[in-house]
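Subject: A structure for you to look at

Hello,

I am passing a structure on to you, and I hope you enjoy exploring it. Please have a look at it first, and then read on for what turned up.

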Amino acid sequence: MKKLMAIAIAMFTLVASVSAYEWKDSWQNYGGGIKEHQFIVNAGAGINSALFDGHDIVFPPIELSVEFTQKIWVLPFGFGGFFAYDGYSDKWEQYGVEYAEAVNNLYFGGLIKYHAQLPIENLDVYARTYLGAKVNMWESVNNVDDKKSSDTKTYFYSEWGIGATWYFSDLFGVNVELGYPTIVKAGVSFKF
């Protein structure tokens, strides 16, 4: 009974403190102490579907992005660019011939983030979209005649996700994102 009473008091306190928050302003203010006209630099690594596709070696996606915070009307946006890399390699045998393949992908383009302020002061919550190009570099070799094949192609690339950054100070924070095609990503953020 005491545990139930403690849970009820905790829930009441939480609801009372959150209901006192001005929710009408949350959609038009930056969270985490971010201000308009700041630069935010993010660096991180993640997991994408290549990890689950059975490749021999997978180099996880790594990413660097920069954004500039600028409101449009009263909405708290960030605009900038990103650069990322991932890759994988495989070896297999078919009809007595051994093959090796390596795939490297470079990604770059622009980003848009919509930030939202929540009652927790150091927390920045956002939704993001990347639009740009994917440069796919593929190379294959077999052990019979060491014949190498390679190709480079460029594709349109888009990525979306939601994320949160916890700022420990006015400069430094850690973040985590969920999205597609990068499933989960964690990293650090710096704001200037």
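How many nonpolar, polar and charged residues does the lining of the largest pocket have, by class? There are 12 nonpolar, 6 polar and 5 charged residues in that lining. Please keep in mind that this is a predicted model.

**The pocket**

The largest pocket holds about 340 Å³ of space. Its lining is made up of 23 residues, and those nearest the centre are N48, D86, N105, Y107 and K134. Two or more lining residues come from each of the elements β2, β3, β4, β5, β6 and β8. Of these, β3 gives the most, with 5 residues.

**The salt bridges**

Side chains of opposite charge can pair when their charged atoms come close. A search of the whole structure turned up 7 salt bridges, and here are some that you may like to find on your screen.

Start with E63 and K185, whose side chains form a salt bridge at 2.5 Å, N to O. E63 belongs to strand β2 (residues 57-72) and K185 to strand β8 (residues 182-191), so this pair ties together parts that are 122 residues apart in sequence. Both E63 and K185 are buried.

Next, try E159 and R128, which meet in a salt bridge at 2.9 Å, N to O. Here E159 sits in strand β6 (residues 148-167) and R128 in strand β5 (residues 123-142), so the parts tied together are 31 residues apart in sequence. E159 and R128 are both buried.

K185 comes up again, this time with E159, in a salt bridge at 3.9 Å, N to O. This pair links strand β8, where K185 lies, with strand β6, where E159 lies, so parts that are 26 residues apart in sequence are tied together. What do these shared partners add up to? Through them, E63, R128, E159, E177 and K185 are joined into one network of salt bridges.

**The nonpolar core**

In soluble globular proteins, nonpolar side chains tend to be buried together. In this model, the largest nonpolar core has 6 residues: F82, A84, Y107, L111, Y130 and Y157. The elements giving two or more residues to this core are β3 (75-94) and β4 (97-117). Y107 belongs to this core and is also one of the residues nearest the centre of the largest pocket.

L111 is a good residue to zoom in on. Leaving aside residues up to four places away in sequence, L111 touches S65, V66, E67, G78, F79, G80, G81, F82, T129 and Y130. Among these contacts, F82 and Y130 are fellow members of the core.

**Backbone details**

Most residues other than glycine have a negative phi, and most peptide bonds are trans. A few places here depart from that pattern.

The peptide bond from Y180 to P181 is cis, with omega near 5°. You will find P181 in the loop between β7 (172-180) and β8.

W73 has a positive phi, near 60°. W73 is in the loop between β2 and β3, and it is exposed, with a relative accessible area of 69%.

Y95 also has a positive phi, near 55°. Its place is the loop between β3 and β4, and at 79% relative accessibility Y95 counts as exposed.

Happy exploring, and best wishes!

Key:
Residues numbered from 1 in each chain as written. Predicted model: local features only at pLDDT ≥ 70, side-chain atom pairs only at ≥ 80, totals over all residues. Heavy atoms only, no water. Salt bridge = Lys/Arg side-chain N within 4 Å of Asp/Glu carboxyl O. Helix = DSSP H or I, 4+ residues; strand = E, 2+ residues; numbered from the N terminus. Buried < 20%, exposed > 50% of the residue type's maximum accessible area, 1.4 Å probe, protein only. Core = buried A, V, L, I, M, F, W, Y, C linked by side-chain atoms within 4.5 Å. Contact = heavy atoms within 4.5 Å. 1 Å grid on protein atoms, 1.4 Å probe; cavity = no way out; pocket = protein on both sides within 12 Å on 5 of 7 lines; lining within 4 Å. Points joined across faces, edges and corners; volume = space filled by probe spheres on them. Nonpolar A, V, L, I, M, F, W, Y, C, P; charged D, E, K, R; others polar.
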